[in-house]
Amino acid sequence: SLIGLQDLYLQSNQITGSIPSSLGSLIGLQQLGLNSNSISGSMPSSLGSLIGLQGLYLQSNKIAGSIPPSLGSLTGLQQLGLGSNSITGSIPPSLGSLTGLQEVNFWNNQIAGPIPSTIGLLTLLVYMDLDTNLLTSSLPPSICCLTGLTQMILNTNSITGPLPDCLGSLTGLQDLYLQSNQIIGSIPSSLGSLIGLQDLYL
């Protein structure tokens, strides 16, 4: 009955239980803030029905399960905050459809597997924080398409392989955090092109 609701902020309370799938019927929602509660369970796939959503903030809860691929339907999303939960599984490639995304925060979860190559489609991304997860494999070369990035935070994972030489094309980078991984090889000389870099952690 609240189909005209645009903003729903319930953060910083003591809300428990899981996210009701009926939230997916609030098709007018533009902002959904449930962060900093004690919400558990998994994210319902019905969140993908909120096609007008611009901000989804679920960080600092006890959410488990994997990221539903249906979130790739939220093509107007600009901020996605899932950090500091107990999320497992891998990053669904469908998130590459979120071409308006500016900020993504998955830090401090148990997300595993590789960073999907579709990450390179998020060309408006400014801030990416995936630290303290279980990410594996080498960085996909498509990550070098994120030329608007100012902060890339990937420390404390199990990322392997050599660093792609094309990282030097991310000329807007101010912070690059890659420490506590399993990266091998030499440091690409192209990092010398990052003239705005303020913090580099390897």
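Asn 105 sits in strand E5 of a model that is predicted. With a relative accessibility of 14%, Asn 105 counts as buried, because the cut-off for that class is under 20%. Leaving out residues up to four places away in sequence, Asn 105 touches Leu 80, Gly 81, Leu 82, Gly 83 and Asp 129. Strand E4 covers residues 79–81 and strand E5 covers residues 103–105, so the contacts of Asn 105 with Leu 80 and Gly 81 join these two strands, given that contact means heavy atoms within 4.5 Å.

The loop between strand E4 and strand E5 also holds Ser 84. Phi of Ser 84 is near 60°, which is a positive value in a residue that is not glycine. A second serine has a positive phi too: for Ser 137 the angle is near 70°. Ser 137 is placed in the loop that runs from strand E8 (134–135) to strand E9 (151–153). Its relative accessible area is 32%, and Ser 137 is therefore partly exposed.

The strands named so far belong to a larger set. The protein has 11 strands and 0 helices, and from the N terminus on its elements read β-β-β-β-β-β-β-β-β-β-β. Contacts between residues 24 or more positions apart make up 45% of those with a separation of 6 or more.

What is the radius of gyration of the protein, and what would a compact globule have? For 202 residues, a compact globule would have a value near 17 Å, and the protein has 17 Å, so the two agree. The C-alpha trace spans about 60 × 25 × 25 Å along its principal axes. Of the 202 residues, 47% count as buried. The accessible surface comes to about 8,600 Å², and carbon and sulfur atoms account for 53% of this area.

The next topic is the interior. In soluble globular proteins, nonpolar side chains tend to be buried together. Here the largest nonpolar core has 52 residues, and those with the most contacts inside this core are Leu 32, Phe 106, Met 128, Ile 143, Met 152 and Leu 154.

Met 128 lies in strand E7, which covers residues 127–129. Its relative accessible area is 0%, so Met 128 is buried. Beyond its neighbours within four places in sequence, Met 128 is in contact with Val 104, Ile 119, Ile 143, Leu 146, Leu 149, Gln 151, Met 152, Ile 153 and Leu 154. Gln 151, Met 152 and Ile 153 fall within the range of strand E9 (151–153). Met 128 and Gln 102 are 26 residues apart in sequence, and their C-alpha atoms are 8.5 Å apart in space.

Leu 154 can be read in the same way. Again setting aside neighbours within four places in sequence, Leu 154 is in contact with Ile 115, Met 128, Leu 130, Asp 131, Leu 139, Ile 143, Ile 159, Tyr 177, Leu 178 and Asn 181. Ile 143 appears in the contact list of Leu 154 and in that of Met 128.

How many cavities of 30 Å³ or more does a search of the whole structure find? The search finds 1. The largest cavity holds about 120 Å³ of space. It is lined by 16 residues, and the closest to its centre are Ile 91, Leu 95, Phe 106, Ile 119 and Leu 122. Among them, Phe 106 is also one of the residues with the most contacts inside the largest nonpolar core, and Ile 119 is in contact with Met 128.

Notes: Residues are numbered from 1 along each chain as its sequence is written. This is a predicted model: local features need pLDDT of at least 70, side-chain atom pairs count only at pLDDT 80 or more; totals for chains, interfaces and linings use all residues. Side-chain values use heavy atoms; hydrogens and water are left out. A nonpolar core is a set of buried Ala, Val, Leu, Ile, Met, Phe, Trp, Tyr and Cys residues joined through side-chain atoms within 4.5 Å. Buried means under 20% relative accessible area, exposed over 50%, partly exposed in between (1.4 Å probe, protein chains only). Helices (H or I, at least four residues) and strands (E, at least two) are DSSP runs, numbered from the N terminus. The radius of gyration is taken over C-alpha atoms; the globule rule is 2.2 Å times the number of residues to the power 0.38. Accessible areas come from the Shrake-Rupley method with a 1.4 Å probe; for residues, only the protein chains shown count as cover. On a 1 Å grid over the protein atoms alone, a cavity is a set of points where a 1.4 Å probe fits but cannot get out, and a pocket is an open set with protein on both sides within 12 Å along at least five of seven lines; lining residues have an atom within 4 Å of a point. Grid points are joined across faces, edges and corners, and a volume is the space filled by probe spheres set on the points.
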